[in-house]
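Please open the model in your viewer and keep the selection tool at hand. The tour below moves from stop to stop, saying what to select next and what is there.

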Amino acid sequence: MTPLIVDTDPGVDDAFALAVAARSPEIDLRAVTTVHGNVTVDRTTDNARRLLGTFGRADVPVGRGADRPLVHLLGRRSAGIHGTDGLGGRAADFGPPVDESSLRAVALMASVIEASEEPVVIAAIGPLTNIATLLSARPDLEESIARFVLMGGSIGYGGNVSAAAEFNVWADPEAARRVLAGSVVPTTMVPLDLTMRITVSAAWLDELAACGPVGAALAATRESYLAAYSARFGHAAMAVHDAVALLEAITPGTVSATPLPIDVDTSTGPGRGTTIGDLRGPEAAATDGARPVDVALDADPDAVRAELWRRLTG
Ligand code: BDR
Ligand code: CA
């Protein structure tokens, strides 16, 4: 079983992703670590603990992580989309909360990696502050990380939090640059280009709600999130970004990836947080010294939806 750590800022789509991670028998979920992002780290930590309680995973330690980006202060959160509690106003429906680990996120990740006989996969579905801090604090562990699967960035789609930038990268661009451009860990980036194509409809959520208490609790988080995406798409559907990344972490090959060197705009101008994919490809990476990242630009949306359904209802 593949050892997995999920670093997360729940978050409506994070909740779907954690449900997939908690209910997939082929992976060994060794830890969940939390980070600032959609809401404060106090909220994301409480939400992660509640979600794992609902999923019956009191065995999984939850480590509290960074409460702010590495360098700049966070200007905006996502309460308008995810609700002020991060779970569409329904956080209290989840639980009972599992215990919080006495280890903070970076220490918990390090202890899991050190204790593991196999290299560990890390799925990071929030801002990359904890991951960049881990790489800086424990460079000796880099070779024991099998793979990063990151939800974030955009190559040609444009942004969601600004005209150009995707939220997770925008929320800590310096950290994202450290991870995407400055690490040697094999990395798959799952950008908006793909996740905005893999939507679930209101009818899909209704059917999920009818399948049992976990599906019902997840579907009930939808209100503000679905409204925001429906306004964007022009019909009642929402993107479940983080769940797509989790599926790729659990079942490699779910997405089709193109190797591209990636840099991140850390300026304070309108491009802040933009991921710049070098479409000249890996040869350019070799020339310029940047390493290629596997950018998930394609997948079969129906197959991904079907697999999410199977894991959320199984
Ligand atoms: C990402 O930003 C957050 O709002 C979501 O949870 C997801 O991780 C999408 O841009
Ligand atoms: Ca997230």
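Begin with the calcium ion (ligand 2), which is coordinated at 2.3 to 2.6 Å by Asp9 (OD), by Asp14 (OD), listed twice, by Ile125 (O) and by Asp242 (OD). Donors here are N, O and S atoms within 2.8 Å of the metal, or 3.2 Å for Na, K and Ca, and since water is not among the atoms, sites may look incomplete. This is a predicted model, in which local features need pLDDT of at least 70 and side-chain atom pairs count only at pLDDT 80 or more, while totals for chains, interfaces and linings use all residues. Residues are numbered from 1 along each chain as its sequence is written, chains are lettered from A and ligands numbered from 1 in the order in which they are written, and side-chain values use heavy atoms, with hydrogens and water left out.

Staying with the ion, follow its donor residues along the chain, where their spacing reads D-x4-D-x110-I-x116-D. Asp9, in the loop between strand 1 (2-8) and helix 1, and Asp242, in helix 12 (residues 241-250), link distant parts of the chain, being 233 residues apart. Helices (H or I, at least four residues) and strands (E, at least two) are DSSP runs, numbered from the N terminus. Are Asp9 and Asp242 buried or exposed? Asp9 counts as buried at 0% relative accessibility, and Asp242 counts as buried at 2%; buried means under 20% relative accessible area, exposed over 50%, and partly exposed in between (1.4 Å probe, protein chains only).

Next, select ligand 1 and show the residues near it, that is, those with a heavy atom within 4 Å. Among the residues that surround ligand 1 are Asp13, Asp14, Asn38, His82, Ile125, Asn160, Glu166 and Asp242. Three side chains deserve a look for polar contacts, meaning pairs of N or O atoms within 3.5 Å, where within protein one must be able to donate a hydrogen and the other to accept it, and residues adjacent in sequence count only if both atoms are side-chain atoms. The side chain of Asp13 has an N or O atom 2.6 Å from an oxygen atom of ligand 1, a polar side-chain atom of Asp14 lies 2.9 Å from an oxygen atom of the ligand, and for His82 the corresponding separation is 3.0 Å.

Now move to Ser154, which sits in the loop between strand 5 (145-151) and helix 6 (167-170). Ser154 is buried, with a relative accessible area of 4%. Its side chain reaches the backbone oxygen of Gly158 at 2.6 Å, and a polar atom of that side chain lies 3.4 Å from the backbone nitrogen of Tyr157. Not counting residues up to four places away in sequence, Ser154 touches Glu166, Met189, Pro191, Leu192, Asp193 and Thr275, contact meaning heavy atoms within 4.5 Å.

For the nonpolar interior, select Leu4, Phe16 and Met238, the residues with the most contacts inside the largest nonpolar core, which has 62 residues. Such a core is a set of buried Ala, Val, Leu, Ile, Met, Phe, Trp, Tyr and Cys residues joined through side-chain atoms within 4.5 Å. Helix 1 (residues 12-22) gives the most to this core, with nine residues. A second, separate core of 32 residues includes Ala110, Leu150, Ala176 and Val185. Ala176 also brings you to helix 7 (residues 173-180), where Pro173, Glu174, Ala175, Ala176, Val179 and Leu180 are buried. Because six of the eight residues of helix 7 are buried, this helix is largely enclosed by the rest of the structure.

The last stops are salt bridges, in which a side-chain nitrogen of Lys or Arg is within 4 Å of a carboxyl oxygen of Asp or Glu; the whole structure has 19 of them. Select Arg64 and Asp42, whose closest N and O atoms are 2.5 Å apart. Arg64 lies in the loop between strand 3 (62-63) and helix 3 (79-82) and Asp42 in helix 2 (residues 41-54), so the pair ties together parts that are 22 residues apart in sequence. Arg64 counts as buried, at 17% relative accessibility. Then select Arg57 and Asp59, which meet in a salt bridge at 2.9 Å, N to O; Arg57 is buried, with a relative accessible area of 17%, whereas Asp59 is exposed, at 53%. Finish with Glu26, Glu307, Arg310 and Arg311, which are linked in a network of salt bridges.
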